[in-house]
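User: I am new to reading protein models, and I would like to learn how the surroundings of a ligand and a few backbone details are read. Could you take me through them step by step?

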Amino acid sequence: MANDLILGIESSCDETAAAVVRGGFEVLSSVVFSQADEHAVFGGVVPEIAGRSHVREVHGVIERALDEAGVTPDQLAGVAVTARPGLIGSLLVGLSAAKAIAFKWQLPLIPIHHIEAHVWAATMESPELELFPAIALVVSGGHTTLFRATGPGQLEPLATTLDDAAGEAFDKVAWMLGLAYPGGPSIAALAEEGDPKAFRFPRYRPKPPRGGGERPLGFSFSGLKTAVLYHIRGQDALAPTPPPDQIPRRADVAASFQEAVVEALSSQAIDAAQREGIDRILVAGGVACNLRLRERLGQAAREAGIAAHFPAPAFCTDNAVMIAGLGWPLLAAGRTADLALDASPR
Ligand code: KG4
Ligand code: ZN
């Protein structure tokens with residue numbers, strides 16, 4: 001196709017984002033408006049506030065993305081938009097904007113699954129390589145899932161978390177430690193000053209089936225979270241949580257917690273690759289920003305003869321480059337929708 005410019009729009013959670021990407025890989029612009037400040041006082045995303053903020057920002061963000069790319073809508077090959085999963089009131093804002101542009105300029109509308117787009121982001125650093133099939137580890141605020149990724153936008157789930165997502169665990173432990181939201185970057189920064197071996201917090205491993213057989217893959221972070229809480233309460237479950245400045249060895253707690261999460265994620269991802277006989281892992285989602293995860297999983301993968309691919313840090317957390325990027329192979333595969341397209345929380 002001569003014209004390979006895709007406009008991507010993302011509004012599934014608390015980032016309003018738009019981007020223009022050429023041919024799936026070449027980033028011409030990326031604009032992200034983060035609402036983090038608006039949600040910070042609540043320690044998490046408030047859906048009602050998120051929806052209103054998207055309404056306020058979406059048009060300006062799209063205009064800037066087109067401007068910075070030096071592209072006018074008539075030059076586009078299509079409009080890709082996150083249609084699922086996410087907060088419904090937030091998704092609808094980006095989707096409505098995308099539909100309006102598609103209608104006005106008679107462009108194909110390309111519905112994007114947010115998680116499939118995160119995985120695409122991990123391929124964007126290596127446009128010259130064919131990265132599928134791969135194991136995809138998606139670690140974000142809402143997801144901690146291992147997939148078998150067989151192609152662009154093709155994910156088969158292998159295992160997920162029984163309770164919290166990894167990013168959610170970072171956010172909640174950050175809250176306990178009195179650190180700023182989002183918790184991942186705050187914990188990672190404090191952990192730099194701490195000893196990851198100071199405290200041995202639990203690492204969950206699924207139990208083998210009763211009658212014997214292979215141990216399943218999976219994650220759980222609620223036990224770890226509780227262990228950290230009891231630790232900072234001095235092992236007295238009923239004691240009040242002390243104020244952050246009175247928590248002893250906060251940096252050691254942060255580093256030891258981070259280490260437990262990173263170890264669980266790394267070992268499960270390597271296990272999945274070995275079981276599936278696949279020598280590639282694509283790591284994606286906000287937690288893929290985590291330097292300790294990159295280091296540890298990268299090293300474990302090298303030792304096992306597996307290639308681990310991470311997105312550029314700016315494209316780990318929510319952004320529209322991954323939406324516009326995945327839009328290209330999906331458009332080529334005819335995965336478009338008409339204007340009746342609906343958003344879905346799942
Ligand atoms: O992918 P994302 O932007 O949004 C979702 O789709 O959830 O991921 C956000 C999550 C948050 O929970 C945040 O705390 C976590 O990613 N995160 C990190 C880091 N940067 C962001 N977790 C650990 N280390 C980081 N450096
Ligand atoms: Zn995300």
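User: Which residues come nearest to ligand 1?

Analyst: One begins by listing the residues that have a heavy atom within 4 Å of the ligand. In this predicted model, there are 20 residues around ligand 1, and those that come nearest are Gly 141, Asp 171, Gly 184, Asn 290 and Asp 318.

User: How many residues of each class does the shell around ligand 1 have?

Analyst: The shell is sorted by the kind of residue, with Gly counted among the polar ones. Around ligand 1 there are 12 polar residues, 6 nonpolar residues and 2 charged residues.

User: What lies opposite the oxygen atoms of ligand 1?

Analyst: Here one looks for pairs of N or O atoms within 3.5 Å, and asks whether the protein atom belongs to the backbone or to a side chain. A polar backbone atom of Gly 141 is 2.7 Å from an oxygen atom of ligand 1, and a polar backbone atom of Gly 184 is 2.9 Å from an oxygen atom of the ligand. With His 118, by contrast, it is a polar side-chain atom that lies 3.3 Å from a ligand oxygen. Taken on its own, ligand 1 has 560 Å² of accessible area, and the protein covers 89% of this.

User: Where does ligand 1 sit, and which elements give two or more residues to its shell?

Analyst: The space that ligand 1 takes is the largest pocket. Two or more residues of the shell come from each of the helices α4 (114-123), α5 (166-176) and α6 (183-191). Seen by domains, at least three shell residues are drawn from domain 1 (5-121 + 317-332), and at least three from domain 2 (134-310).

User: Which peptide bonds are cis, and where are the prolines found?

Analyst: For this feature one reads the angle omega of the peptide bond, and then places the residue along the chain. The bond from Arg 84 to Pro 85 is cis, with omega near -25°, and Pro 85 lies in the loop between β4 (78-84) and α3 (88-104). Another cis bond joins Tyr 181 and Pro 182, with omega about -5°, and Pro 182 is found in the loop between α5 and α6.

User: What is the phi of Gln 235, and in which loop is this residue found?

Analyst: Gln 235 is not a glycine, and yet its phi is positive, at about 65°. This residue is found in the loop between α7 (222-232) and α8 (250-276).

Definitions and conventions
Residues numbered from 1 in each chain as written. Chains lettered and ligands numbered in written order. Predicted model: local features only at pLDDT ≥ 70, side-chain atom pairs only at ≥ 80, totals over all residues. Heavy atoms only, no water. Polar contact = N/O pair within 3.5 Å; in protein donor to acceptor, adjacent residues only side chain to side chain. Areas by Shrake-Rupley, 256 points an atom, 1.4 Å probe, with all protein chains shown as cover. 1 Å grid on protein atoms, 1.4 Å probe; cavity = no way out; pocket = protein on both sides within 12 Å on 5 of 7 lines; lining within 4 Å. Sits in = over half its atoms within 2 Å of the grid points. Helix = DSSP H or I, 4+ residues; strand = E, 2+ residues; numbered from the N terminus. Domains from an automatic or database assignment.
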